[in-house]
Amino acid sequence: MKSFVNSNSFIKAATRFILHASLAALALSATAARAAAQVRGRLRLDGLERLAPKATDVVNIEVDGFLIKLALKILSDKDPDEKTVKEIVSGLKGVYVRSYEIGKAGEYTDADIAPIREQLRPPAWARVIDVKSRDEDPGDAEVYVATDGARVEGLTLLVAEPKEVTVINIVGDIDVEKLKRLEGHLGIPRIHITHKRRPARQP
């Protein structure tokens, strides 16, 4: 009987320990999630998943942490282009790309990309430029930045074409002048854009 009681007490103590440990782990996970959400310049891109069922091709790229360090080791200091890219990457915390190719025009609406636009509002973000694609299917694109004083801490390119939606979110200390060199690296596609022409003012 004594052995049964001791065994019962052990089970209860172990259960309490596991319960407390689980609660502590949940608390730490919640804290880590809040910290990730508070990283300035980082967008939550999971809201774009509603586009996946409508897409014929989906690109989902996340480069951060270890992969950033690996890129720094791989890129050469001898090649001028790679050296420039390496300088940019050294200040980055992450590169996140979502791209959805839609079968035909009209398959998605503004509501499908609303979760991204909701995040790209002042004061956290400022839209700095409108651009227009050179592709056959014309579409609007916008560039937003998140800043801390004079330093850019995040940049987002949102491209919304009739049959394609692409969001590129770059997080970290960014040199905007050199940023174009990242096209074709770290999963960032080459997007050829020009400034949208605005109608001349009437005298």
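Let's start with S99. Leaving out residues up to four places away in sequence, S99 touches D57, V58, V59, E164, V165 and T166. Keep in mind that we are looking at a predicted model.

Where does S99 sit? It belongs to strand β2. Is S99 buried or exposed? Its relative accessible area is 10%, which is under the 20% cut-off, so S99 counts as buried. Its side chain still finds polar partners. One is the side chain of T166, at 2.9 Å. Another is the side chain of E164, at 3.4 Å.

Now widen the view to the strand itself. β2 covers residues 92-102, and nine of those 11 residues are buried. So which strands does β2 pair with? Take β1 to begin with, residues 55-64. β1 and β2 run antiparallel, and nine bridges join them. For a landmark, find N60: it stands opposite R98 in β2. Then take β6, residues 164-174. Again the two strands run antiparallel, and again there are nine bridges. The landmark here is V95 in β2, which stands opposite I170 in β6. A general point about strands, for anyone new to them. In a regular strand, side chains alternate between the two faces of the sheet.

Next, the residue just before β2. G91 lies in the loop between α3, residues 80-89, and β2. Is G91 buried, exposed or in between? Its relative accessible area is 25%, so G91 is partly exposed. Setting aside residues up to four places away, G91 touches G172 and D173. Look also at I174. It is 83 residues from G91 along the chain, yet their C-alpha atoms are separated by 6.6 Å.

That takes us to the whole protein. How many helices and strands are there? Four helices and seven strands. Reading from the N terminus, the order is α-β-α-α-β-α-β-β-β-β-β. The protein has 203 residues, and 32% of them count as buried. What about contacts along the chain? Take the contacts between residues at least 6 apart in sequence. Of these, 64% join residues at least 24 apart.

On to the nonpolar cores. How many residues does the largest one have? It has 20. L48 and L51 have the most contacts inside it. Several elements supply at least two residues each to this core: β2, α4, β4 (140-148), β5 (151-161) and β6. There is another core, apart from this one, with 19 residues. Its members include I68, L92, L157 and I168.

Let's follow one residue from each. Take L48 from the largest core. Beyond its neighbours within four places in sequence, L48 is in contact with R98, Y100, D112, I113, I116 and V167. From the other core, take L157. L157 is in strand β5. Its relative accessibility is 12%, so L157 counts as buried. L157 and V167 are 10 residues apart along the chain, and 5.7 Å separates their C-alpha atoms.

One of the contacts of L48 deserves its own stop: D112. D112 lies in helix α4. Why does D112 count as buried? Because its relative accessible area is 6%, under the 20% cut-off. Which side chain makes a polar contact with the side chain of D112? That of K54, at 2.8 Å. Leaving aside neighbours within four places in sequence, D112 is in contact with G47, L48, R50, L51 and K54. So L51, named earlier for its core contacts, turns up here too.

Now the aromatic rings. How many aromatic pairs are there? The count comes to zero. One ring does have a charge over it, though. The charged end of R42 sits over the ring of Y96, 3.8 Å from its centre.

Last stop, a peptide bond. Which form does the bond from P122 to P123 take, cis or trans? It is cis, with omega near 0 degrees. P123 is in the loop between α4, residues 110-119, and β3, residues 126-133.

To recap β2: nine bridges to β1, nine bridges to β6, and nine of 11 residues buried.

Methods
Residues numbered from 1 in each chain as written. Predicted model: local features only at pLDDT ≥ 70, side-chain atom pairs only at ≥ 80, totals over all residues. Heavy atoms only, no water. Buried < 20%, exposed > 50% of the residue type's maximum accessible area, 1.4 Å probe, protein only. Pairing = 2+ DSSP bridges. Core = buried A, V, L, I, M, F, W, Y, C linked by side-chain atoms within 4.5 Å. Contact = heavy atoms within 4.5 Å. Polar contact = N/O pair within 3.5 Å; in protein donor to acceptor, adjacent residues only side chain to side chain. Phe/Tyr/Trp six-rings, centres within 6.5 Å; stacked < 30°, edge-to-face > 60°. Lys NZ or Arg CZ within 6 Å of the ring centre and 35° of its normal.
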